[in-house]
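Me: I would like to learn how to read the contacts between chains. Could you take me through them, starting with how copies are compared?

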4 protein chains.
Amino acid sequence: MQTTRLEAFSDAVLAIIITIMVLELHVPEHHDWTGLWHDTGLSLLAYVLSFVYIGIYWNNHHHLFQLTERVSGAVLWANLHLLFWLSLYPFTTLWMAESDLARVPTTAYGLNLLAAAIAYVILQSRIFAAEGPEHALRKALGNDVKGKISPVFYLLGILFAAISGEEARWATVLAVGLFVLVAIIWVIPDRRIERAVTEAS
Amino acid sequence: MQTTRLEAFSDAVLAIIITIMVLELHVPEHHDWTGLWHDTGLSLLAYVLSFVYIGIYWNNHHHLFQLTERVSGAVLWANLHLLFWLSLYPFTTLWMAESDLARVPTTAYGLNLLAAAIAYVILQSRIFAAEGPEHALRKALGNDVKGKISPVFYLLGILFAAISGEEARWATVLAVGLFVLVAIIWVIPDRRIERAVTEAS
Amino acid sequence: MQTTRLEAFSDAVLAIIITIMVLELHVPEHHDWTGLWHDTGLSLLAYVLSFVYIGIYWNNHHHLFQLTERVSGAVLWANLHLLFWLSLYPFTTLWMAESDLARVPTTAYGLNLLAAAIAYVILQSRIFAAEGPEHALRKALGNDVKGKISPVFYLLGILFAAISGEEARWATVLAVGLFVLVAIIWVIPDRRIERAVTEAS
Amino acid sequence: MQTTRLEAFSDAVLAIIITIMVLELHVPEHHDWTGLWHDTGLSLLAYVLSFVYIGIYWNNHHHLFQLTERVSGAVLWANLHLLFWLSLYPFTTLWMAESDLARVPTTAYGLNLLAAAIAYVILQSRIFAAEGPEHALRKALGNDVKGKISPVFYLLGILFAAISGEEARWATVLAVGLFVLVAIIWVIPDRRIERAVTEAS
C-alpha cells in the first residue's frame, strides 16, 4: 500500500486539531488588556504550547513518511492510535488551562503527552517492521537521544504535577517547565533526519 | 472519472468527523479524577468507540478505492450518502452518552451504525456496477463473513436497546456490547483485501 | 497555474462546511423520539437539505475542474467568492430552522442559495474566459436548462418566503418546497457533463 | 524535501480557519432583519474582512510555493509560525466585533494582522535562503511596493485604534478603514507574480 492517502488523512486530522483549539478560546468579556489576560491569558499560553506540540508531531510525521514507502494494515492502525491521543490535546489543554494548572488536570495533560509519545514510538516500530531492518530512517535516527529523553522528562513532569497543589506551586512550575522543555528540544530541527532525507532523494 | 478527488474529499470529511467529537467533550467542571469520570467518563468512552468506527470506515474506504479505478456519478452520490450517515455519529454519540445510555438515544445510535453499514454496502455495489464483474475487490471479499454478520449484530443491538430501560440495564449492556463487538471484529485487519491489494500492485 | 491546489483547498472548505453543521445540532435534552423531533427535528431536516446542497456544489465543482486546465487569478477569487456564500449555509440553515421557518430567516436562506448560484455562474464564466471559447464544458452544458431554471425557482421561493408568516403558512411551504425542488433537480446526475468528461479522458 | 505535504497541510489549516469563523457567528435570537443586523451585523462584516484576509494569504501562499521547489526544516517552522498567527484571526475578529469595535480589541486585531504580515515576510526570506539568490520569485517581486506598504498601514491602523474610544470614534473609523484598505490592495491580483508563474511553467 502507498502512503499518499495515509499522509493526506493525517494532515487533515492534525490540521483540524491544531486549529480547533482556537474555537475553545472564549472571547474575553472585558475589553481591555487586563481582561484579555485574566479571561484567556492562560488558555492562550496553553494554546501556544499545544500548537507547538502538534507542529512537532506534524514535522516528525512528515519526515517519517518521507522515508517510508510501504505501509501495512498495522501501520494504518498505529497511525490512527497516534492521532487519537493527539486529538485529545484540545481537551486536556483546555482542562488544564481552565483549572488554573490544578493538580489533576496538569497530571492528565502530562499523561496525554506521554501517551502520544508512546503511540509515536509504536508507529515507528510498526514501520520498521514493515520496511525491514535496512530502513533509512533507522540508520538516520542513530541512538536517538531526543526520543529516549522525552518520555523521561514527561514522566518527571507527571510526577511533579501529581505532587503539586495549592501549597506546592513550585511543583506545578517544574511540571509545566518540563513539558515546555521537551517542546523546545524538538523544535530545534532534527538535522540527522533532514540529512538522511537529503541523501535519500 | 478518476478517484483522486473523491478520496481527498472523503478523507477531509472523515478527518473532521473523527476530530470534532472532541469539541463536544465538555471540559469537566471539577478538577479531580472523580470529576473527570463523572462529568465526561461516558462521553470519553463513547468518543473512543466512535473514533474507532470512523477509523474502520476510513480503513475500508481506503482499501475499497485502492482497488477502484473508475467512478460514475452514482458512485459520487453513494459516497456522499455514506458520509452523511457517518457525519451524524458525533450527534448520536453525544446524545447517547449524555443520556446515560437511555433507551431511545442508544437505539438511535444503533440505527445510525446500521444506516452507515447499509450505505457502505450500497457504495460497494455501485462501484461493482461501474467496474464490471471482474472487479479485484469482489474476488478479494469472497463470501464476506464480516460484512454479512455486522448488520445482524447491529439489528440485535438495536433490539436490545429498544427493550432496555431503567429496569432492564442488562439489555443496555448487551446492546452496547454488541456495538463494541462489531468494532473489534473490524479492527482486526482484513487480510483478504490486504492480500488482494498487494497482488494487484 | 494548475488547478490541483485550488481543488484541494475547495475540497477542504466544502468538507468542513458540510460537516460542521452537525456541531450546530444541539443534542436533545429529552431522551425520547418526541424529544428528538421537538428539539432537533427541523434542524435535522434543514441539515439534510444543506448537506445535499453542498454535495451538489462539490459534485459540480468536481466536474467543472475536471474539464479545466488553466486557472487565472480571477478564477481563484471567483472560487473564493463561491466558497464564501457556501460557508454561510450553516449560519442561515440554523437561523431558519431555529426560527421555525419564520419569514425573514427563510427569506435569508433563499437569498443565500441564490447568492451561491450566482457565484457559481460567475466562476464558470471566469473559467470560460481563461480557457477560451473552445472549452469542452461549454459545449457539454449546451443550453443548460438546469442552470437557467434554478435562479428562477430560487427567486420564486424567496418571493413566497417574503410574503409568508404566521397567517400565511402555505407561502412558507411553497418557499421551502421550491428550495427542495431545486436540490432534487440537481441530485439527478448531469449526464451531459459526465458524457463530456468520459469523452475528454 | 518536497513542498507537496507542506502545501496540503497549509491548505487544510487555512480552510479550517476560513470556515470555522462561521461557527462563532451566533444565530440571531430575533427573526427579523433588524435582529440580524443588531445581533450579528458587525460580526458578519468582520467575518467578511477576515475571510478576505485568509483568502489573500492562501492566494499568496499558493503563488509562493508554486515558485518554490526545495524546503528546509526552517521553512517548515516559518510556515507553522505564519499559520499560528492566522489561526488567531477567528479569536481576535470575534473579540473586536463583539466589543463593538472597542479600543483594546481593535488594537489587538491590528496587532494580529501585523504579526501575520511579519510572519509571512519571515517565511519568504527563509524560502529565499533555502533556494538561493536566483529564486524566480525574488525577481518577480521586484521592489515589492505592496509588501512594504502593508506593515506601514497596519502600524498606522494600530496607532489610530490605540487612541480610539467612546469619544474618538473617528479614530476607530480610520483604524478599521486602514485594515480594509490593505485587504483591498491585496485582492487586486498580483500581476507580477502571476506573470512569473506563467513564464516559469
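Reply: Happily! Copies are superposed by least squares on the C-alpha atoms of residues with pLDDT of at least 70 in both. This is a predicted model, where local features need pLDDT of at least 70 and side-chain atom pairs count only at pLDDT 80 or more, while totals for chains, interfaces and linings use all residues. Residues are numbered from 1 along each chain as its sequence is written, chains are lettered from A in the order in which they are written, and side-chain values use heavy atoms, without hydrogens and water.

Me: What rotation superposes chain C on chain B?

Reply: A rotation of 90°, with 0.0 Å of shift along its axis, does so with an RMSD of 0.0 Å. That is the relation of a four-fold axis. The C-alpha of chain C nearest the axis belongs to A12(C), 4.2 Å from it.

Me: How many residues of chain A are in contact with chain D?

Reply: Contact means heavy atoms within 4.5 Å. Here 38 residues of chain A touch 34 residues of chain D.

Me: And how much area is buried between chain A and chain D?

Reply: Buried area is the accessible area (1.4 Å probe) that two parts lose on being put together, summed over both. For chain A and chain D that comes to about 3100 Å², with carbon and sulfur atoms giving 76%.

Me: How many salt bridges cross the interface of chain A and chain D?

Reply: A salt bridge is a side-chain nitrogen of Lys or Arg within 4 Å of a carboxyl oxygen of Asp or Glu. The rule finds two between chain A and chain D. One of them joins E7(A) to R5(D), whose closest N and O atoms are 3.4 Å apart.
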